[in-house]
Amino acid sequence: MPLHMTKIAYSAESPSSLKAWLESHANEALLTTRYLPKRHEEMAGGSLYWIFEHALIGRSPLKGFAQRDDGRWHIRLAPLLIPVHTRPKRAHQGWRYLDEDEAPHDLSDGETAGDVLPPRLIGELAKLGLV
C-alpha cells in the first residue's frame, strides 16, 4: 500500500481555483519543498491530499520528486484534482504523511462534492467533536 502526503492549499481561494491551477499545467504541476521526504520511496503510487479550510478535499497523484539546482526539491504531481469524501484535517506547516488506511475515498461516478458536507462546516463540526 502506498504512502501519501497532505499539504495545505494555502494559495487557493477555493477548491475550484486549486483545480484550475493544477489543470493549467500540461504534464505535471510542481511544488517546492526544502527537503526530500525520508519516506519518498514508499510514496510510489501515492497521492498528495489537499487541505482546504481544515478539511481534505481532493488528491493529486504523485509522479515523483526532483532536486532543483538550489538544493530544494520539487514535488511532481499529475495536473489534476480528484475529489474525495471530505474529511476534517487540522492545518499544519509543510507536508505530513498519510497512510493508505487513513486516506479518504474518491467520490464515485455521479457523486458530487455537493453530496458531502462543505469543508468549512466539517471543520466547525470537528472543533465541536461531532465529526
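**Exercise 1.** In this predicted model, decide whether E42 is buried or exposed, or falls in between, and then find its salt-bridge partner.

*Solution.* The relative accessible area of E42 is 39%, and since partly exposed covers the range between under 20% and over 50%, E42 is partly exposed. The next step is the partner: E42 forms a salt bridge with R39, and their closest N and O atoms are 3.0 Å apart. R39, with a relative accessibility of 32%, also counts as partly exposed.

**Exercise 2.** Work out which parts of the chain the salt bridge between K63 and E28 ties together.

*Solution.* Begin with the contact itself, in which the closest N and O atoms of K63 and E28 are 4.0 Å apart. K63 belongs to strand β4 (residues 55-67), whereas E28 sits in the loop between α1 (15-23) and β2 (29-33), so the pair joins parts that are 35 residues apart in sequence. As for exposure, K63 is partly exposed at 40% relative accessibility, and E28 is partly exposed at 25%.

**Exercise 3.** Identify the network of salt bridges to which E28 belongs.

*Solution.* E28 also forms a salt bridge with R76, where the closest N and O atoms are 2.9 Å apart. This pair links distant parts of the chain, because R76 lies in strand β5 (residues 73-77) and E28 in the loop between α1 and β2, 48 residues away. R76 is partly exposed, its relative accessible area being 23%. Putting the steps together, E28, K63 and R76 are linked in a network of salt bridges, and the model's count of salt bridges comes to five.

Technical notes
Residues are numbered from 1 along each chain as its sequence is written. This is a predicted model: local features need pLDDT of at least 70, side-chain atom pairs count only at pLDDT 80 or more; totals for chains, interfaces and linings use all residues. Side-chain values use heavy atoms; hydrogens and water are left out. A salt bridge is a side-chain nitrogen of Lys or Arg within 4 Å of a carboxyl oxygen of Asp or Glu. Helices (H or I, at least four residues) and strands (E, at least two) are DSSP runs, numbered from the N terminus. Buried means under 20% relative accessible area, exposed over 50%, partly exposed in between (1.4 Å probe, protein chains only).
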